[in-house]
Amino acid sequence: MKATTGLHCLVTGATGYIGGRLVPELLDAGHRVRCLARSPEKLRDHPWAGRTEVVRGDVVDAESVAAALHGIDVAYYLVHALGAGSGFEDRDRTAARVFAEQARAAGVRRIVYLGGLTPAGIPVRDLSPHLRSRAEVGEILLGSGVPATVLRAAVIIGSGSASFEMLRYLTERLPVMVTPSWVGTRVQPVAVRDVLRYLVGSAAMPPEVSRAFDIGGPDVLTYEEMMRRYAVAAALPHRLILRVPMLTPRLSSHWIGLVTPVPRALARPLAESLRHEVVCAEHDIARHVPDPPGAPIGFDQAVSLALQRVREANVTTRWSSASLPGAPSDPLPTDPDWAGGSLYTDRRERAVDAPPAALWQVVEGIGGENGWYSFPPAWAVRGWLDRLVGGVGIRRGRRDAARLRVGDSLDFWRVEEIEPGRMLRLRAEMRLPGLAWLEMYADPSPPPDTEPDQGQGPDPGPDQGGAVRGARYRQRALFHPHGLLGHLYWWSVSPFHAVVFGGMARNIARAARRLDDEAAASERPLSAEVPDDSRPPGPDAERENP
């Protein structure tokens with residue numbers, strides 16, 4: 001058998017929350033890493049991207065999976081259809097079977113899978129559909145003929161995780177909570193740092209080990225206790241919690257969707273998983289991946305570490321890092337491989353009496369706490385309407401307060417492309433009868449004496465201005481309608497574009513001017529350079545796996 005260092009590892013789900021954190025841990029452990037992704041460009045801006053091999057493929061496509069598994073020692077299976085709507089169980093089953101068959105054919109030495117902790121004594125048929133599917137995937141991989149490690153976790157606590165964000169927002173936003181009965185269910189949370197340690201350590205297991213392991217932290221708590229202890233860690237006043245038995249998981253998901261950034265489609269399986277007690281039955285994983293001093297990490301420390309990451313704006317991945325199923329993924333309509341069809345465009349341009357670096361700093365900082373620079377009630381109402389129909393809404397915020405990278409979620413948009421210092425392209429993920437994009441450019445240009453807004457019309461193409469004395473802000477909103485409803489939607493909202501998009505262009509230009517003035521007053525230089533995110537944190541900071 002090969003040495004346990006220098007293994008060749010395949011990571012599926014590298015664009016997701018756990019996968020995006022596992023890759024640098026494997027690299028730091030001395031392993032070579034290949035990532036399988038449907039959209040490799042989403043991994044381009046990760047600090048570790050240059051140290052890995054990225055291949056395009058889909059876990060349901062046997063040919064691409066076979067190619068990705070060629071020469072692999074350890075294959076990490078970190079994909080699932082959480083929040084995927086109807087038919088997700090069939091897709092999960094098909095993908096797991098394809099992966100298992102191709103791993104066996106490729107001579108892979110081990111499969112490692114992160115699944116869900118199932119309640120003891122509850123028949124599989126009585127589990128929630130999502131827990132049932134996780135259990136089935138684990139069984140498929142264990143029966144593959146390849147030695148497999150199936151790690152089963154309950155609530156994962158780490159900055160940016162869906163479970164942590166749900167706990168965080170429920171506790172912070174509701175000093176008085178009317179809660180469902182499942183807040184009294186006992187669960188065994190686990191710190192994401194420990195999850196990653198077990199995942200990395202599983203690569204070294206001997207071939208005769210092929211089984212499932214329960215993984216959890218040292219604390220067994222009810223969800224109510226978790227909320228109260230979070231309030232203490234976050235220095236919040238005492239929370240009053242009132243239980244209401246008639247709140248079903250379905251109703252709970254609506255409640256969670258209204259209060260937290262977690263959309264209803266994701267909140268429901270999270271709530272359903274809390275109906276039954278999920279406590280580890282064993283800690284056998286420690287025989288193969290020994291716990292260092294101070295591990296596993298307790299709940300209070302895990303929350304403190306996660307909050308530290310949030311406060312420092314140093315959250316490396318979030319639950320929304322992975323695209324939600326059904327989100328638009330077509331190429332931008334101006335790309336050569338666009339198939340044609342109707343396309344509506346709203347175009348705005350503004351001369352900016354500030355350097356391009358100041359303008360770009362405003363553009364890259366858009367969204368989240370900074371807002372969208374025009375008519376906030378309109379953006380808020382659009383976000384609420386999206387939540388009501390099951391969309392992601394506008395409260396997903398940002399991974400980082402100042403910097404963006406391809407694949408980041410940004411309220412109800414996702415970063416499709418970014419050219420640092422020049423261009424940001426966002427793709428809409430709200431519920432729409434069509435596909436939508438928003439582009440923002442910070443071009444060097446001599447500011448003309450007057451430069452009025454321009455409304456709907458053709459794209460002007462790249463600016464070919466002369467000497468750099470200021471900047472030119474260019475903005476395009478594009479919409480490709482689906483059917484009659486799509487056309488009606490565009491024409492119903494187009495009268496408001498002058499207020500929303502026109503105001504956005506004007507206010508971004510003003511914000512850039514203010515930023516430049518502030519920099520001049522403080523003699524602080526402006527920079528559009530992207531910082532080196534690969535620098536390790538200090539000794540007291542939470543590591544890459546918060």
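## Two sheets and their helices

Strand 14 (residues 344–352) runs antiparallel to strand 19, and nine bridges hold the pairing. One of the matched pairs is Arg350, whose bridge partner in strand 19 is Tyr473. Keep in mind that what you're looking at is a predicted model.

Let's step back for a moment. The protein has 546 residues, and 54% of them count as buried. Its chain forms 15 helices and 19 strands. Among contacts with a separation of 6 or more, 78% are between residues 24 or more positions apart.

**The antiparallel sheet**

Strands 14 and 19 belong to an open sheet of six strands, and its order is 14-19-18-17-16-15, with antiparallel pairing. At the edges you'll find strand 14 and strand 15 (409–410), each of which pairs on one side only.

Here are three of the pairings in this sheet.

| Strands | Sense | Bridges |
|---|---|---|
| Strand 14 and strand 19 | antiparallel | nine |
| Strand 18 and strand 19 | antiparallel | 12 |
| Strand 16 and strand 17 | antiparallel | six |

A couple of opposite-facing partners help you find your way across. Met440 sits opposite Gln475 in strand 19, and Glu417 sits opposite Arg425 in strand 17.

How many residues of strand 19 are buried? Strand 19 covers residues 470–481, and 12 of its 12 residues are buried. Gly470, Arg472, Arg474, Arg476, Leu478 and His480 point one way, while Ala471, Tyr473, Gln475, Ala477, Phe479 and Pro481 point the other way. Both sets are buried.

Two helices lie over this part of the sheet. Helix 14 lies across strand 14 and strand 19, at about 145° to strand 19. Helix 15 lies across strand 14, strand 18 and strand 19, at about 25° to strand 14. The loop between helix 14 (483–493) and helix 15 is where Ser494 is found. Is Ser494 buried or exposed? Its relative accessible area is 12%, and the cut-off for buried is under 20%, so Ser494 counts as buried. A polar atom of the Ser494 side chain also lies 3.2 Å from the backbone oxygen of Trp491.

**The nonpolar cores**

In soluble globular proteins, nonpolar side chains tend to be buried together. Here the largest nonpolar core has 40 residues, and Leu424 and Met440 touch the most other members. The elements giving two or more residues to this core are strand 14, helix 12 (356–364), strand 16 (413–419), strand 17 (423–428), strand 18, strand 19 and helix 15 (497–522). Helix 15 gives the most, with nine residues.

Leaving aside neighbours within four places in sequence, Leu424 has contacts that include Trp360, Val363, Ile366, Leu404, Val415 and Met440. There is also a second, separate core of 37 residues, and its members include Ala14, Val209, Phe213 and Ile285.

Val415, one of the contacts of Leu424, is in strand 16. With a relative accessible area of 2%, Val415 is buried. Its C-alpha atom is 4.7 Å from that of Leu426, although the two residues are 11 residues apart along the chain. Beyond four places in sequence, the contacts of Val415 include Leu404, Arg405, Val406, Leu424, Arg425 and Leu426.

**The parallel sheet**

Another open sheet has seven strands in the order 3-2-1-4-5-6-11, and here the pairing is parallel. Strand 3 (53–56) and strand 11 (211–214) each have a single partner strand, so one side of each is left without a neighbour in the sheet. From one strand to the next, the twist averages 20°.

Within this sheet, strand 1 and strand 2 (residues 32–37) run parallel and are joined by five bridges. Val11 has Cys35 in strand 2 as its bridge partner.

Helices lie on this sheet too. Helix 1 (residues 17–28) lies across strand 1, strand 2, strand 4 and strand 5, at about 170° to strand 1. Helix 3 packs on the sheet as well, touching strand 1, strand 4 and strand 5, and its direction makes about 180° with that of strand 4.

Helix 3 (residues 88–106) has 19 residues and reaches 27 Å from its first C-alpha to its last, close to the 27 Å expected. Its buried residues include Phe88, Asp92, Ala95, Ala96, Phe99 and Ala103. They pack against strand 1 (8–12), helix 2 (62–69), strand 4 (74–77), strand 5 (110–116) and helix 4 (129–142). Just after helix 3, Gly107 takes a positive phi of about 75°.

How values were computed:
Residues are numbered from 1 along each chain as its sequence is written. This is a predicted model: local features need pLDDT of at least 70, side-chain atom pairs count only at pLDDT 80 or more; totals for chains, interfaces and linings use all residues. Side-chain values use heavy atoms; hydrogens and water are left out. Buried means under 20% relative accessible area, exposed over 50%, partly exposed in between (1.4 Å probe, protein chains only). Helices (H or I, at least four residues) and strands (E, at least two) are DSSP runs, numbered from the N terminus. Two strands pair if DSSP finds at least two bridges between them. A nonpolar core is a set of buried Ala, Val, Leu, Ile, Met, Phe, Trp, Tyr and Cys residues joined through side-chain atoms within 4.5 Å. Contact means heavy atoms within 4.5 Å. A polar contact is a pair of N or O atoms within 3.5 Å; within protein, one must be able to donate a hydrogen and the other to accept it, and residues adjacent in sequence count only if both atoms are side-chain atoms. Axes are lines fitted to C-alpha atoms, for helices over the stretch in contact, and angles run from 0 to 180 degrees between N-to-C directions. The expected span of a helix is 1.5 Å times one less than its number of residues.
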